[in-house]
Amino acid sequence: MKQIWSAALLMGLASAASADVSVDNCGEALVFETTPERIVVHDMNMTDMAFALGLQDKIVGLTGITGWYKTSPDFDEMRGDIPELAPKYPTVENLVAVSPDMFFAGWYYGMKPGGDVTPDTLAPFGIKTMVLSESCVHLHKDRPEASMDLLFDDVTRLGTVMGVADKANSLVTGWKSQLAGIEAKTADVAKPRVFLLDGPADAPFTSGKFAIPDAMITAAGGENVTHDMDTSWGRSSWEAVAAANPEFLVLLDYQGGNSAEDTFKFLQDHPVMAHTDAVKNARWIGLRYEELTPGPANIDAIEKMAKAMHPDLF
């Protein structure tokens with residue numbers, strides 16, 4: 001009897017160990033029979049998520065880093081000798097060459113709808129694709145407006161799939177606590193009108209209601225003047241932005257490219273933006289790309305924004 005019980009227990013444990021792991025992936029189930037051992041990650045923000053979870057030994061390649069961004073010493077130290085397979089968008093060949101189990105990317109974060117690299121084009125090679133939640137709106141227009149859950153859920157999903165759920169949950173708990181402290185300080189103050197700009201251009205490229213900066217601006221105690229844009233990242237018009245008369249600016253700081261200082265000078269010389277309160281009063285902050293796309297840098301970036309918008313509260 002004891003031997004039968006032991007055998008049944010062992011069978012149960014083996015079954016539990018081999019149980020499928022399933023996470024939501026833009027409204028569909030992404031199922032893994034075993035924990036991925038070889039992953040490729042696109043872009044700095046998603047790479048930061050993987051690094052925060054200590055997944056370096058599972059990463060066989062990165063894509064979309066040096067073609068656009070100047071990395072920090074901390075990023076380079078965490079990356080170590082992980083190779084970059086493509087400086088911008090990868091090809092199917094780039095990915096297949098390293099035989100990954102999973103590609104962590106997003107729509108317009110390494111993949112384009114109808115493009116060469118999509119979950120459907122990678123599936124025949126045994127590569128499953130985890131899609132960045134913020135980007136799901138490009139295929140599914142019925143998504144909820146942006147909230148900080150875009151960060152929390154993606155880190156939790158990645159931790160669950162990679163077998164480090166406890167670490168992911170611990171990170172998210174700490175971020176939520178930090179965020180609650182910031183929101184408590186800014187809850188009852190006037191909300192300045194905020195405009196985010198991704199570099200000089202003929203038409204401003206900015207954040208709509210489905211991109212995480214919209215939620216970040218709210219959490220920092222501001223009001224996004226392009227919240228009504230029915231997109232994540234997209235283009236508005238200078239006339240519409242100037243009419244909203246922003247009081248504070250968030251400027252993407254591409255170190256080595258268009259710096260935040262360069263962008264502010266562009267606005268100072270702009271025929272309509274020069275007359276807005278934010279430009280006249282030089283009220284702005286520069287934040288890096290990885291601080292304004294879903295990733296671990298978001299929470300500290302919210303605190304930076306809150307301190308710059310409401311210096312009397314901090």
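**Exercise 1. The largest cavity**

Task: In this predicted model, determine how the lining of the largest cavity divides by class into nonpolar, polar and charged residues.

Solution: Begin with the residues that line the largest cavity, which are Tyr69, Lys70, Asp253, Tyr254, Gln255, Arg288, Tyr289 and Glu290. Tyr counts as nonpolar, whereas Asp, Glu, Lys and Arg count as charged. Sorting the lining in this way gives three nonpolar, one polar and four charged residues. The space that these residues enclose comes to about 70 Å³, and the count of cavities of 30 Å³ or more is one.

**Exercise 2. The largest pocket**

Task: Establish how much space lies in the largest pocket, and which residues of its lining are the closest to its centre.

Solution: The volume of the largest pocket is about 500 Å³. Its lining consists of 20 residues, of which Tyr69, Tyr108, Asp198, Phe205 and Tyr289 are the closest to the centre. By class, the lining divides into eleven nonpolar, five polar and four charged residues. Tyr69 and Tyr289 also belong to the lining of the largest cavity.

**Exercise 3. The buried face of helix H10**

Task: Find which residues of helix H10 (residues 260-268) are buried, and explain why they line one face of the helix.

Solution: The buried residues of H10 are Ala260, Thr263, Phe264 and Leu267. Viewed down the axis of H10, these buried residues fall within an arc of 100 degrees, and they therefore line one face of the helix. The general background is that an α-helix has 3.6 residues a turn, so residues three or four places apart point the same way. The last step is to identify the packing partners of the buried residues of H10, which are strand S9 (193-197), helix H9 (238-244), strand S13 (248-252), helix H11 (277-280) and strand S14 (284-287).

**Exercise 4. The open sheet**

Task: Work out in what order the four strands of the open sheet are arranged, and whether the pairing is parallel or antiparallel.

Solution: The order is S11-S9-S13-S14, and the pairing is parallel. Strand S11 (223-224) and S14 are the edge strands, since each of them pairs on one side only. Between S9 and S13, the parallel pairing extends over four bridges, and Leu196 stands opposite Val250 in S13.

**Exercise 5. The setting of Lys191**

Task: Locate Lys191 and decide whether Lys191 is buried, partly exposed or exposed.

Solution: Lys191 lies in the loop between helix H7 (165-186) and S9. Because its relative accessible area is 35%, Lys191 is partly exposed. Leaving aside residues up to four places away in sequence, Lys191 touches Thr186, Gly221, Gly222, Glu223 and Glu247. The C-alpha atoms of Lys191 and Ala220 are separated by 9.1 Å, although these residues are 29 residues apart along the chain.

Definitions and conventions: Residues are numbered from 1 along each chain as its sequence is written. This is a predicted model: local features need pLDDT of at least 70, side-chain atom pairs count only at pLDDT 80 or more; totals for chains, interfaces and linings use all residues. Side-chain values use heavy atoms; hydrogens and water are left out. On a 1 Å grid over the protein atoms alone, a cavity is a set of points where a 1.4 Å probe fits but cannot get out, and a pocket is an open set with protein on both sides within 12 Å along at least five of seven lines; lining residues have an atom within 4 Å of a point. Grid points are joined across faces, edges and corners, and a volume is the space filled by probe spheres set on the points. Buried means under 20% relative accessible area, exposed over 50%, partly exposed in between (1.4 Å probe, protein chains only). Helices (H or I, at least four residues) and strands (E, at least two) are DSSP runs, numbered from the N terminus. The arc is that of the directions from the helix axis to the C-beta atoms. Contact means heavy atoms within 4.5 Å. Two strands pair if DSSP finds at least two bridges between them.
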